[in-house]
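Dear colleague,

I am passing on the structure we spoke about, with the sequence alongside, and my notes on what turned up in it follow directly below. Please read them with the model open.

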Amino acid sequence: MDIILAHRQIDFDALASMVAAQKIYPNSVLVMDGKPNVFVQDFLALSRDLLRFRRAQDIDLEEVSRVILVDTHELRRVGFLGEKVARLPGVEVEIYDHHPYAGTLKEGMVIEPVGACATLLVEKLAGMGLPLSSFEATLIAIGIYDDTGSLLFDSTTVRDVHAVAYLLEQGANLGVISNNLRRPLTEEQKDLLQQLLDSGQTEFFDGLPVYIAYAEIKDYVGGLALLAHRVGELEGADTWFLLVRMENRVYVVGRSRGRGLPVNGLVQLFGGAGHERAASATIKDAKLSDILKQLRSAIKSRAKRPHLVRDIMSYPVKTVSPETKLGEVEQILLRYGHTGVPVTEDKNLVGIISRRDVDKAIKHGLKHAPVKGFMTTKVSTVEADVPWDEVHRLMVQHDIGRLPVVEDGNLVGIVSRSDVLRLVHGTSIPIETQLARERSAAMRQDILDLLECLPKETQNLLEAVRDTAEEEGCSVYVVGGFVRDLLLTVPTQDLDFVVEGSGGQFAQALMRRIPNGKLTQHIKFGTAQIIFPDGSHVDIASTRWEHYSFPGALPQVEESCLRDDLFRRDFTINSMAICLNSDRYGELVDYYGGKQDLQQKKIRFLHNISFIDDPTRMLRAIRFAERYQFDFAKETLDALHTAIETGVLSKLSVERFTEEILLIYKEANYLTMGQLLVNSGLFKAWFGKDLAWNFNLEDAVGSAEWSLNLRWLISLSKMESVEIDIVLDRVILNKSLRDETIAYVQLRESLQKPLTISEMDHLLNKAPKRVVTTLARDGRYNKRITECMEAGQRINMALDGKTLIQMGLKQGPEIGEILAQVRMAWLEGRINTEEEEQEIARQLVNAQVRRR
């Protein structure tokens, strides 16, 4: 076993170095001996589930074969575990450190004078091409900033700066970094800071807290940005402003953690600039009181209600009973990705069981023991209508990862560290708030208007579904692509219904209202399909949850609620639903912000392992992005590249890949989709090498009217024959498309040889029309094919076999031979009239008769 160790009282640089080292040594274990420093403790209070540490006392020394030691070169600084390891024979030790070292470097020791130890590991990560998540990049950057005084300490090197730049490219979040840093102040800055703290107070604007502090001093004092950082640390505000009059100017500095107001819009009113989280302005010859008044007025006009706990909580809550076996709980936690689960009895909350407790009990062979003996009964809870930062405070204060949410004493939801981290790191969060529901109801008339614009046949079908839902007493929704395209006002025939109940039973009831359809059921997946005589169809399914045993596998399905059903889908824009029940007909259900992403033209997945669960989603992401001219959300684009680089496509079947690719070839904008498939590296990852794909617009003029087969052939037209063989080995085409691809290769190889015009004519007439069209667009063959085809158009041949027999030729193969010779004479221009044709025919017949 490989273990990663650092010095006692781990600081941010040591923590960052350990995390970076685990990326380099992926099978290693992070081990913490003792408590880290107080700032790292606060950080770990939220991030503990993302950083799996084991305690030093839980390590079996007999299993340790190698130690990776970071941010120190002395095992004795690690604690009792380090001292024990130092005495063990045969244990390999690798060291990464930046502190002064007077000894001789040995193999496995990387000790170099840089500002932060993490810099050494970032350089190795970059050299190995190992990708980082935004969280990992941010944490490692905090370590470098902390040990280099935000790159201002004398010990900082250019290598540290380059390492930070690399981490920023990997998605490091400067807002989160700044929240974790501490810097010293000058005496003048301390005096000014004290004035600001004395005057400062939190003011509420429509429930949104904003901290405003002001001061007036005679001489100029620099470092307001640093003071703003310190005030943010001390007051813990989401949005705060400092206003200081110095000499004859008023300086305004605004900061936001990304959860409050965007401060750049506010300081722009005073001629300032910046970005949403940091901005400043300088106003000459102004009164401090006037600027304060203007600022408050501007904040009031822009304030929005802050996130409440009910905005970020998950529900309905997955619970277990006190008698549930720990082994069952383990499977539930694994299946749903939870870090804990509430324990209820008769709907009352009686405890909570964490993954740590479950793992510990199972390790001792207690898989069959009931939960009640291991659950925590003193459960901290939070009310649904308090601000979300109350959850943050409770999690840090009590070091807990999940908080049940209660309302009037009833369990209504649960909030996890991950939910808070989504807000802290500024990523998208699943929400369904009262405000969202109110907006959905307000949109209902707009959606009803859109539904009335649909073809009458579609309206009738939706009404039949509505009436069937009333009859069956269940909730029914139209979901996915239909909702997306309806809101985009683009034509759609994609009808996909989900039922909170039995989808199969509902489909049978619906058939009584649309008897011209044919019903097919798939009991294993809980789905049904009704096919109409014109070939169109609708899909009906029970609301369900899917999980994947391995990347690219078909999903395993179990019944669940609408929220889970929508969460299993690929992108937020496809995860909306419209209720079809009479009392809510036309009401939009949008848990995950799909409508907002439609408005902002973003392709965003619903969770971080979306592409790992189903790699075909990468192809669909490209298809949707180019079809609608949308951009990828940053985390989605990063995940796409990461999934490609980690090789998850190798888990995908050739059939499923081919199906998705051919769907792309049917799109009007398939050329730009194809370019993205190449540029992203997806095609290279699938086909094993860079191939000469042709998705150039100039080579595909008129492609909007082309068939799929012709588009496919043009896309292969720049490849060598051996490359086309590679393609054919990695796709499964229908007979028509495969035959035409092979015919294209054969005809192209034939055209590379010297041919008479007659041989050309024979080849072109035998080849499929789309193959000839493709080669005629190739500059290498265009002239010869065009000349041959133009010659063929000049043929006005009236001669046939009957005429030849009348001329004296007997029935036999000679008839075909003479007809071929006459056709060649037309092609070569030796015949231009019917009389000339008759004359040549007589000559050929006479010659044949004489030979007999």
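Strands 15, 16 and 17 form an open sheet, in the order 15-16-17 and with mixed pairing. Strand 15 (382–383) and strand 17 (410–416) stand at its edges, and because each has a single partner strand, one side of each is left without a neighbour in the sheet. Strand 15 and strand 16 (residues 402–407) run parallel and are joined by 2 bridges, and E383 has V406 of strand 16 as its bridge partner. Across strand 15, strand 16 and strand 17 lies helix 15 (residues 389–398), which runs at about 135° to strand 16. Please keep in mind, here and in what follows, that this is a predicted model.

A second open sheet, this one of 6 strands, has the order 3-2-1-4-5-6 with parallel pairing. Its edge strands are strand 3 (53–55) and strand 6 (109–111), each of which pairs on one side only, and neighbouring strands of the sheet are turned against each other by 30° on average, direction ignored. Within this sheet, strand 1 (residues 2–6) pairs with strand 2 (residues 29–32) in the parallel sense over 2 bridges, and the partner of I3 in strand 2 is V29. Helix 1 (residues 12–24) packs on the sheet and touches strand 1, strand 2, strand 3 and strand 4 (66–70), its direction making about 165° with that of strand 1. Helix 4 (residues 117–128) also packs on the sheet, where it touches strand 4, strand 5 (92–97) and strand 6, and its direction makes about 110° with that of strand 5.

Strand 4 and strand 5 also supply the two ends of a salt bridge, in which the side chains of R66 and E94 meet at 3.1 Å, N to O. With R66 in strand 4 and E94 in strand 5, this pair links distant parts of the chain, 28 residues apart. For the model, the count of salt bridges comes to 37.

Antiparallel pairing appears further along the chain, where strand 20 (residues 518–522) and strand 21 (residues 527–531) pair in that sense over 5 bridges, with I530 of strand 21 as the bridge partner of L519. Strand 21 in turn pairs with strand 22 (residues 537–542), again in the antiparallel sense and over 5 bridges, and here I530 stands opposite V538 of strand 22. Strand 21 and strand 22 form a hairpin with 5 residues between them, and G535 in the turn has a positive phi of about 95°.

Turning to the helices, which residues of helix 29 and helix 31 make the contact between the two? Helix 29 (residues 708–716) and helix 31 (residues 735–751) pack with their axes 10 Å apart and at an angle of about 40°, and they are therefore oblique to each other; helix 29 passes helix 31 in a right-handed crossing. The contact is made by L708, N709, W712, L713 and L716 of helix 29 together with S736, L737, E740, T741, Y744 and R748 of helix 31. Sorted by class, this contact has 6 nonpolar, 3 polar and 2 charged residues.

Another helix pair is formed by helix 36 (residues 814–827) and helix 37 (residues 834–851), which pack at an angle of about 145° with their axes 10 Å apart, and whose crossing is right-handed. From helix 36, the residues E814, I818, Q821, V822, A825 and W826 meet E837, I840, L844, V845 and Q848 of helix 37. By class, the contact of helix 36 with helix 37 has 7 nonpolar, 2 polar and 2 charged residues.

Finally, a note on one residue, L487, which lies in helix 19 (residues 481–488). Leaving aside residues up to four places away in sequence, L487 touches M443, I447, L450, M576, L588 and L598. L487 and Q599 are 112 residues apart in sequence, while their C-alpha atoms are 9.6 Å apart in space.

With best regards

How values were computed. Residues are numbered from 1 along each chain as its sequence is written. This is a predicted model: local features need pLDDT of at least 70, side-chain atom pairs count only at pLDDT 80 or more; totals for chains, interfaces and linings use all residues. Side-chain values use heavy atoms; hydrogens and water are left out. Two strands pair if DSSP finds at least two bridges between them. Helices (H or I, at least four residues) and strands (E, at least two) are DSSP runs, numbered from the N terminus. Axes are lines fitted to C-alpha atoms, for helices over the stretch in contact, and angles run from 0 to 180 degrees between N-to-C directions. Contact means heavy atoms within 4.5 Å. Angles under 35 degrees count as roughly parallel, over 145 as roughly antiparallel, 65 to 115 as roughly perpendicular and the rest as oblique. A crossing is left-handed if the near helix is turned anticlockwise from the far one by less than a right angle, and right-handed if clockwise. Ala, Val, Leu, Ile, Met, Phe, Trp, Tyr, Cys and Pro count as nonpolar, Asp, Glu, Lys and Arg as charged, and the others, Gly among them, as polar. A salt bridge is a side-chain nitrogen of Lys or Arg within 4 Å of a carboxyl oxygen of Asp or Glu.
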